[in-house]
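Student: I should like to learn how to read the features of a structural model in order. May we go through them together, with the general idea placed before each case?

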Amino acid sequence: QVIQAAYRDDPTAPTLSTAWRFIFSALENDSELNQLTNRLLESIAYKNDPKPLTPDIVTGLYGDKLDVSISQLQSFYENPYEYFLKYGLRLQERQKFELSSASTGTFFHEALDRIFKEVHEQQIDLTTLSDQDIEDLVAENVQKMITNPDNYQYVILASSNRMKYLTSQLQATIQEMIRVMRDQQTATPLRPRTTEKVFGQPSGDNLKGLSFELPNNRQVNVRGRIDRIDSMTVGDKRYFGIVDYKSGNKLFDYTEAYTGISMQLLTYLDVLKHNLLELSPDDPDASLAGALYLHIINSKLKTVDIQKTGFKEALLDQHKYQGILVSDPDLVSGLEPQLEVGSAQVYPYTLKKNGEPSKKSELISEDALEAFLTHSEHLIVDAANKIFAGDINLSPTKYGSRSAMQYTKFKSIMNF
């Protein structure tokens, strides 16, 4: 600190001791070491001020076409400089032999996908399964996952007794989620149509992605994977909706969606809108139901909640969908047909005594949703244009008590 103050010519700095003054002077006056000394000391007052990339560097990094996931574009809106480090320079940490949160998320997604595919193939009605049936179904599929010789990502789960215990906890979470989904289906006719549906990839039975032409013969293509697509028919009308699995209790935030730092649900819904005819060729008037988050967690219920509503109801409340639903009267009345007044068991809406949804309901009009989807497309194009313009501003977003710097792996590079 003394050398730092002295180097900055700070008049209020404490005086260097005789010994340190001698060392400092010797280093500065040494013809071989003075350049290195000054370079090292410059780091004390260094400020990272990134300059825009030149066109040739942009082309070298990205070419003329961006094939991106929506989470990548979200990271650009959170901090353009981190996008550059992660997806331009492709920097990454050394991989560790550990069970990361990303690995846990992949485990949940694959397990739920396997189970739903088996349910569909065997034409099983989930509501008819007992708790023991579900336990057996989950155990069988989890065992196939972790013993698959072609899948190395779950090798760690059998590497020690501790990991075997953690595997049992992951399996217990999947069991609870399948039980919850079974109980949800007793309250609603909305059913899973397909899981882990890929969009924007040219090969396979995939959905069309979002593609936009940009100036200078450039292009941005949004690709990804939708966790689950649900559908139901009410009267003569068919509805399709999105379900996105989250390990955290995620809520839909209009401000975050509008500013581009939480575009996932809207993008998936936009992809669904552009693929309705393919999903429902016999019904050209099919409509969007909405997009929802489902919290993947092994719940810890409070005794008071169980006593108040019962175990099943308390569990359903812990896993209630969050997100947005279209304020279509037929849709709202058809989601939970038994509901006449009060809060829905499964979905985020409440009915008043006159049967109308309350203001607390997470509903959005069709016109407002259409405008929001159009705005989301503009955000995609705007982000792509800025990336091609070489924008690498070090400007992390702060929202509420969170910020883009909270979990970043690049703090040592950013010097923010």
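Student: Which residue stands opposite Arg218 in β4?

Tutor: Please note at the outset that this is a predicted model. Opposite Arg218 of β4 stands Leu214. The strands concerned are β3 and β4 (residues 218-222), which run antiparallel and are joined by 5 bridges.

Student: What is the order of the strands in the open sheet, and how are they paired?

Tutor: The order is β1-β4-β3 in an open sheet of 3 strands, and the pairing is mixed. The edges are occupied by β1 (65-68) and β3 (210-214); each has a single partner strand, so one side of each is left without a neighbour in the sheet. From one strand to the next, the twist averages 10°.

Student: How should one read the packing of two helices?

Tutor: Two packed helices are described by the angle between their axes and by the distance between those axes. In this model, helix α5 (residues 70-78) and helix α6 (residues 80-88) have axes that come within 5 Å and cross at roughly 135°. That angle makes α5 oblique to α6.

Student: Which residues of α5 and α6 meet?

Tutor: From α5 come Gln72, Ser75, Phe76 and Glu78, and they meet Pro80, Tyr83 and Tyr87 of α6. Sorted by class, this contact of α5 with α6 has 4 nonpolar, 2 polar and 1 charged residues.

Student: At what angle do α9 and α14 pack?

Tutor: The angle between α9 and helix α14 (residues 311-318) is about 105°, and their axes are 10 Å apart. Angles of 65 to 115 degrees count as roughly perpendicular, and α9 and α14 are therefore roughly perpendicular to each other. On the α9 side the contact is made by Glu176, Val180, Asp183 and Gln184, and on the α14 side by Lys312, Leu315 and Leu316. The residues of this contact divide into 3 nonpolar, 1 polar and 3 charged.

Student: When can charged side chains pair, and how many salt bridges are counted here?

Tutor: Side chains of opposite charge can pair when their charged atoms come close. The count for this model comes to 18 salt bridges. One of them joins Arg182 to Asp131, with the closest N and O atoms 2.8 Å apart. Arg182 belongs to helix α9 (residues 161-185) and Asp131 to helix α8 (residues 131-146), so the pair ties together parts that are 51 residues apart in sequence. Arg182 and Asp131 are also linked with Asp183 in a network of salt bridges.

Student: Is Arg182 buried or exposed?

Tutor: Arg182 has a relative accessibility of 11% and counts as buried. Its partner Asp131 has a relative accessible area of 42% and is partly exposed.

Student: Which parts does the pair of Glu256 and Arg402 tie together?

Tutor: The side chains of Glu256 and Arg402 meet in a salt bridge at 2.5 Å, N to O. Glu256 lies in helix α10 (residues 254-259) and Arg402 in strand β13 (residues 402-403), so this pair ties together parts that are 146 residues apart in sequence. Glu256 is buried at 9% relative accessibility, whereas Arg402 is partly exposed at 35%.

Student: Where do Lys273 and Asp270 lie?

Tutor: Both lie in helix α11 (residues 264-274), 3 residues apart, about one turn of the helix. Their side chains meet in a salt bridge of 3.7 Å, N to O. Lys273 counts as partly exposed at 26% relative accessibility, while Asp270 counts as buried at 2%.

Terms used: Residues are numbered from 1 along each chain as its sequence is written. This is a predicted model: local features need pLDDT of at least 70, side-chain atom pairs count only at pLDDT 80 or more; totals for chains, interfaces and linings use all residues. Side-chain values use heavy atoms; hydrogens and water are left out. Axes are lines fitted to C-alpha atoms, for helices over the stretch in contact, and angles run from 0 to 180 degrees between N-to-C directions. Helices (H or I, at least four residues) and strands (E, at least two) are DSSP runs, numbered from the N terminus. Angles under 35 degrees count as roughly parallel, over 145 as roughly antiparallel, 65 to 115 as roughly perpendicular and the rest as oblique. Contact means heavy atoms within 4.5 Å. Ala, Val, Leu, Ile, Met, Phe, Trp, Tyr, Cys and Pro count as nonpolar, Asp, Glu, Lys and Arg as charged, and the others, Gly among them, as polar. A salt bridge is a side-chain nitrogen of Lys or Arg within 4 Å of a carboxyl oxygen of Asp or Glu. Buried means under 20% relative accessible area, exposed over 50%, partly exposed in between (1.4 Å probe, protein chains only). Two strands pair if DSSP finds at least two bridges between them.
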